[in-house]
Amino acid sequence: MEFDNDHCIKMNDGNKIPAVGFGTYSPDAVQKSKCEEATKVAIEVGFRHIDGAFVYGTEEEVGRAIHEKIADGTVKREDIFYTGKLGSTFHRPELVRNCLEQSLKKLKFDYLDLFIIHIPVSLKPGPDLSPMDENGKLIFDIVDLRQTWEAMEACKDAGLVKSIGVSNFNRRQLEMILNKPGLKYKPVLNQVECHPYLNQGKLLAFCKSKDILLEAYSVLGSQRDKMWIDQSTPVLLEDPVLGAIARKYNQSPALVALRYQLQRGIVVLFKSFTRKRIEENLQVKQEGREKRMRDTPPCVQI
Ligand SMILES: NC(=O)c1ccc[n+]([C@@H]2O[C@H](COP(=O)([O-])OP(=O)(O)OC[C@H]3O[C@@H](n4cnc5c(N)ncnc54)[C@H](OP(=O)(O)O)[C@@H]3O)[C@@H](O)[C@H]2O)c1
């Protein structure tokens, strides 16, 4: 696994991805304008990789933030690496491009850098992104994800996306795609929950063996949304071992948690809507870069 001087990693299709990305998921209770503001801050301080999704409902705000930073000369479109995700209600192959085009329209982009299947669980198509029955249970759809993948490949062939990948796939689901007869493009990466409490060691080894990058989310222990997280579970950034390592190296626990993944060859995402923390998290890039330049410029094996 190699990082270059821009702290990017080459994917199996030849395109490069910045190793640290800024996440834009925010719970419904948080004003979307905060996401827009934070995205601008992230670009201002130096992040170039933005992780979004159709279902986050923030693509208009994120798109506005990016265009503002293009308009004021901070970046060009080609400097930004934007990931979008296929919603679960759009898994039927004839709906895949529709979801992508809706994202492109909201973002006011003519292409995405990366488009990934968000979750390997299909839901009933329709306007409701979480379709429920009268008992409050999700209504699933039956879709062969290999056909969904072929529609993703067609989006790449149409020039609407540069790279395609998956998220929340286990080994069996990845193998299903990899063993598909007539596979045109392998997934470039698999975006999964990954942190010291769930280090995904086996999945990482499998992905490496297939030249698929692992991309980690909830690296800082997530936003601990009450809807998803049992509030009695330990808080990652308060973990005593992480704290001890942070003290030893004079770093914050967040920087240790981020660096841990980079050193394993994993692309990391983080979310913060706080300027000070966004700036703090940037240090993981700078420290890595300085160390790399000191040790073995221009690249280092990790
Ligand atoms: N593919 C998927 O299914 C999936 C699922 C979940 C997430 N994701 C992606 O991954 C991104 C990040 O994951 P996540 O949202 O679960 O959150 P995360 O990055 O693990 O944690 C975010 C929390 O950590 C806090 N934080 C950030 N930097 C910090 C620092 N230096 N010190 C202390 N606290 C800090 C943030 O607070 P403040 O905002 O208050 O600063 C935020 O509440 C998402 O936004 C999304 O783009 C993808």
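Here are a few questions and answers about the ligand site and one residue, Asp113, in a predicted model.

Residues are numbered from 1 along each chain as its sequence is written. Because this is a predicted model, local features need pLDDT of at least 70 and side-chain atom pairs count only at pLDDT 80 or more, totals for chains, interfaces and linings use all residues, and side-chain values use heavy atoms, with hydrogens and water left out.

Q: Why is Asp113 called buried or exposed?
A: Buried means under 20% relative accessible area, exposed over 50%, partly exposed in between (1.4 Å probe, protein chains only). Asp113 has 7% relative accessibility, so it counts as buried.

Q: What makes the link between the side chains of Asp113 and Arg77 a polar contact?
A: A polar contact is a pair of N or O atoms within 3.5 Å; within protein, one must be able to donate a hydrogen and the other to accept it, and residues adjacent in sequence count only if both atoms are side-chain atoms. The Asp113 and Arg77 side chains are joined at 3.0 Å, and that's a polar contact.

Q: How do you know which atoms of Ser272 and Tyr56 pair up with the ligand?
A: For Ser272, an N or O atom of the side chain is 2.6 Å from a ligand oxygen. For Tyr56, a polar side-chain atom sits 3.4 Å from a ligand nitrogen.

Q: What makes a residue part of the group that surrounds the ligand?
A: One of its heavy atoms has to lie within 4 Å of the ligand. In this model 28 residues surround the ligand, and Asp51 and Lys271 are among the closest.
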